Amino acid sequence: MSKLVNLVKLSVGSESPESLAMWQETKIAQSEDGLPRHVTRMWPKREKELLNGGSIYWVIKGSIQCRQRVLRLDEVFGSDGIRRCAIVLDPEITLTEIALRRPFQGWRYLNPEDSPADLRGSRKQDDDIPTELAAALAEIGVR
């Protein structure tokens with residue numbers, strides 16, 4: 001059985017997990033079957049591990065805030081004829097504990113043991129605290 005790996009990726013332009021979901025509901029952000037996708041130039045070298053239950057952990061405004069399970073990788077060609085990888089995602093966005101991340105380009109692999117935990121069901125119902133406050137609490141180790 002192959003191991004599991006996740007990706008961590010900046011969600012450029014998103015203000016929150018809700019705004020990420022709104023973007024993914026647009027036609028341009030969807031595959032032909034209507035599932036959300038993220039198109040990137042590079043094909044993951046660890047494809048087998050990623051497709052073994054991996055997720056994309058989204059960095060929004062400087063911190064990981066949510067994740068989506070990766071369903072498949074589709075080959076797509078841009079209007080320039082260049083081959084790209086469409087990472088097709090489960091439409092369900094799962095909120096995670098806040099984890100600070102510095103800006104970076106592309107994606108990074110993220111091992112499961114280094115991935116932030118999903119918010120438990122009871123915490124999802126808690127009053128939202130501002131992202132900046134949640135990030136500050138994460139920085140000092142309070143979750």
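Biologist: In what order do the elements of the chain run from the N terminus on?
Modeller: In this predicted model, the order is β-α-β-α-β-β-β-β-β-α-α. That gives four helices and seven strands.

Biologist: How much of the chain counts as buried?
Modeller: The chain has 143 residues, and 40% of them count as buried. As for the surface, the chain exposes about 8,900 Å², with carbon and sulfur atoms supplying 51% of that area.

Biologist: What share of the contacts comes from residues 24 or more positions apart?
Modeller: Among contacts with a separation of 6 or more, such residues account for 68%.

Biologist: Turning to the interior, which residues have the most contacts inside the largest nonpolar core?
Modeller: Those are I56, W58, V70 and I87, in a core of 14 residues. Strands β3 (55–60), β4 (63–77) and β5 (83–89) each supply at least two residues of this core. In soluble globular proteins, nonpolar side chains tend to be buried together.

Biologist: And which residues does the second core include?
Modeller: The second core is separate and has eight residues, among them V8, L10, V59 and A99.

Biologist: Let us follow β3. Where is Y57, and is its side buried or exposed?
Modeller: Y57 lies in strand β3. Y57 counts as buried because its relative accessible area is 7%, and the limit for buried is under 20%.

Biologist: What is Y57 in contact with, leaving aside its neighbours within four places in sequence?
Modeller: The list includes N6, L7, V8 and K9, then I64, C66 and R67. Further along the chain, Y57 is also in contact with T96, L110, S115 and P116.

Biologist: How are Y57 and K9 placed relative to one another?
Modeller: They are 48 residues apart along the chain, while their C-alpha atoms are separated by 6.3 Å.

Biologist: V8 has come up twice. Where does F104, which is in contact with V8, sit?
Modeller: F104 is in the loop between β6 (94–100) and β7 (107–110). Leaving aside neighbours within four places in sequence, F104 is in contact with V8, K9, L10 and V59. The C-alpha atoms of F104 and V8 are separated by 9.9 Å, and the two residues are 96 positions apart along the chain.

Biologist: Is F104 buried or exposed, given that it is in a loop?
Modeller: F104 counts as buried because its relative accessible area is 15%, which falls under the 20% limit.

Biologist: Now the cysteines. How many disulfides are found?
Modeller: A search of the whole structure finds zero. A disulfide is a covalent bond between the sulfur atoms of two cysteines.

Biologist: Are C66 and C85 buried or exposed?
Modeller: C66 is buried, at 0% relative accessibility. C85 is buried as well, with a relative accessible area of 0%.

Biologist: How many aromatic pairs are there?
Modeller: The count comes to zero.

Biologist: What sits over the ring of Y109?
Modeller: The charged end of R46 does, 5.0 Å from the centre of that ring.

Biologist: One last topic, the backbone. What is phi of K61, and where is K61 found?
Modeller: Phi of K61 is near 50°, a positive value in a residue other than glycine. K61 is in the loop between β3 and β4.

Biologist: Why does K61 count as partly exposed?
Modeller: K61 has 46% relative accessibility, and partly exposed covers the range between 20% and 50%, so K61 falls in that class.

Key. Residues are numbered from 1 along each chain as its sequence is written. This is a predicted model: local features need pLDDT of at least 70, side-chain atom pairs count only at pLDDT 80 or more; totals for chains, interfaces and linings use all residues. Side-chain values use heavy atoms; hydrogens and water are left out. Buried means under 20% relative accessible area, exposed over 50%, partly exposed in between (1.4 Å probe, protein chains only). Contact means heavy atoms within 4.5 Å. Accessible areas come from the Shrake-Rupley method with a 1.4 Å probe; for residues, only the protein chains shown count as cover. A nonpolar core is a set of buried Ala, Val, Leu, Ile, Met, Phe, Trp, Tyr and Cys residues joined through side-chain atoms within 4.5 Å. A disulfide is a pair of cysteine sulfur atoms within 2.5 Å. Rings of Phe, Tyr and Trp (its six-membered ring) pair if their centres lie within 6.5 Å; planes under 30 degrees apart count as stacked, over 60 as edge-to-face and the rest as tilted. A charge sits over a ring if NZ of Lys or CZ of Arg is within 6 Å of the ring centre and within 35 degrees of the ring normal.
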